[in-house]
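Biologist: I should like a close account of a single part of this model, beginning with one sheet and continuing into the interior. Please define each term as it arises.

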Amino acid sequence: MKQRTYIVIEYKPFFPSYGPSSEAVPLTAYWSNTSAIIEQEALWLSWAGVDAVLIDWSPATMVQDISQINWLYIDHTTQLLEVYHEMDLAHLPHPKVIILIGIDNGPHRASAQVLNYILNWVYTHYVNNPDLNTSLFYYNGKPTLIMLDGSFTNHTFRDPRFTIFFMGFHLENIMNAPPSKPYHDNPWCYWSWMDGVLTPIIVYCNESPLAVTVSTAFFPDIKPNDVGWTAPGAVGRENGATLIQEWVIPMIYRPKFIIINDWNQFSGECLHPTGPYLDQYSPEYSQDIEPTFLNSTGCMGKWQGGWGYYYLVLLKALIMLYRGETPNATIIAIAQPLNNYTVYTHQPSMLNTTNYIVLNGYTMLIRWTYVGKAPSSFTVVLDGKVIATNLTSTWYMLDLYGLPKGWHTIRILANGAVTYFNLTEAYYELVNASNTPLPCEAEVSFYYAG
């Protein structure tokens, strides 16, 4: 019998989670009813198959004195639990709740007084509240808490009232995982907020796979000049290809927890002139999954774009594949070129878009990735015309010389493979799984400017 894997998504308790530095505009950005936002997000997440939200209190609790605690995070979480209770009464599905409490992230640290106060408060107001405690996530018979400890030095902390796990950052560096194996036997059972590699670290605890964190995009941990999203080696969303490639690891190792980075941060340092850029940066270099408007303007006009329902539907497709609900399915995405980007063969003198790429000549790389059943081969289609077939690689060099300026469409057909979601339509609507297998393909459009 296969062990149960819990799908947990990182979550900010703000309704809506949107502001001047948001990289895109969530569909709930202009809703005035906060309870309606909480309910809609819960319904979306439950629909996707998410078991629990990991509500981030770390900015609120990494302080030295109780008077410095930011109660906005806590009050909003209480409201969320109250809405979840009303959803229970109405027989509506919602995720369970895990709280992330900050101990130490390097620059900031919680005092022992603050930490004990917060844990006592959670136990008194949530665990002992019969209306709210049914929405908490229980593991090994106890409500579960995660302790954010970026220094990896506070793992001796215990509280017998809770099941406690610890969380750090960039386990690929901290844990010194062997380069030949994407895992490390971690005696302190640390989870990761985000790893900076395409093969995220499987955390082994007591010689069994405990947890892995997958991201829609990521940046490496570069010390001492940690500049985040503008660092060499940062990997963007790539039309969902990054998340798909990272999903291969949990498919192999089947951990007890898969953590998704993340749902709704929608904030960052994009307005800072020099960075560092460590939260969300742009529509491409960010990790939020919550549905957005497609043609929105983010970061006070600095960025253009959004992703509609695409990443929510992709997440559901990946979870269903993981749980064996879409047998023999394949999920594919085109990593390059980026969807709806303008392609130049030379550096233009003027730009009227933030979404563009500049090639070195007339040759453009098309690259794709997949998870699930391996296709027998691939076919490349440009504007409805087959230009390459029986490919066994996951890339193709497209010659643009003579291609008319204007919009063009690339499709990759995964031969001998099927899927259950039309991800192309997911940009525009919440796409349900098909009752019958569909041809497995991916599509992107680009504007060729010559």
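Which residue in strand 16 stands opposite Tyr344?

Modeller: Opposite Tyr344 stands Val358, in strand 16. This is a predicted model, in which local features need pLDDT of at least 70 and side-chain atom pairs pLDDT 80 or more, whereas totals for chains, interfaces and linings use all residues. Residues are numbered from 1 along each chain as its sequence is written, and side-chain values use heavy atoms, without hydrogens or water.

Strand 15 covers residues 341-344 and runs parallel to strand 16, to which 3 bridges join it. Strands here are DSSP runs of E of at least two residues, and helices are runs of H or I of at least four, numbered from the N terminus. Two strands pair if DSSP finds at least two bridges between them.

Strands 15 and 16 belong to an open sheet of 6 strands, ordered 16-15-22-21-18-19, with mixed pairing. Its edges are strand 16 (356-358) and strand 19 (385-391); each has a single partner strand, so one side of each has no neighbour in the sheet. On average, neighbouring strands are turned by 25 degrees against each other, direction ignored (axes fitted to C-alpha atoms, angles from 0 to 180 degrees between N-to-C directions).

The interior may now be considered. The largest nonpolar core (buried Ala, Val, Leu, Ile, Met, Phe, Trp, Tyr and Cys joined through side-chain atoms within 4.5 Å) holds 90 residues, and Trp57, Tyr126 and Met147 touch the most other members. Helix 7, residues 310-322, gives the largest share of this core, 12 residues. A second, separate core has 32 residues, among them Met62, Ile146, Cys189 and Phe257.

Trp57 merits a closer description. Setting aside neighbours within four places in sequence, Trp57 is in contact (heavy atoms within 4.5 Å) with Tyr73, Ile74, Thr77, Ile99, Leu100, Ile101, Ile118, Trp121, Val122 and Tyr126. Tyr126, one of these partners, is also named with Trp57 among the residues that touch the most other members of the largest core.

Ser58 lies in helix 2, which covers residues 58-61. Ser58 has a relative accessible area of 5% and is therefore buried (under 20%; exposed is over 50%, partly exposed in between, with a 1.4 Å probe and protein chains only). Beyond residues up to four places away in sequence, Ser58 touches Leu100, Gly102 and Leu148. Leu100 thus appears in the lists of both residues, touching Trp57 and Ser58.
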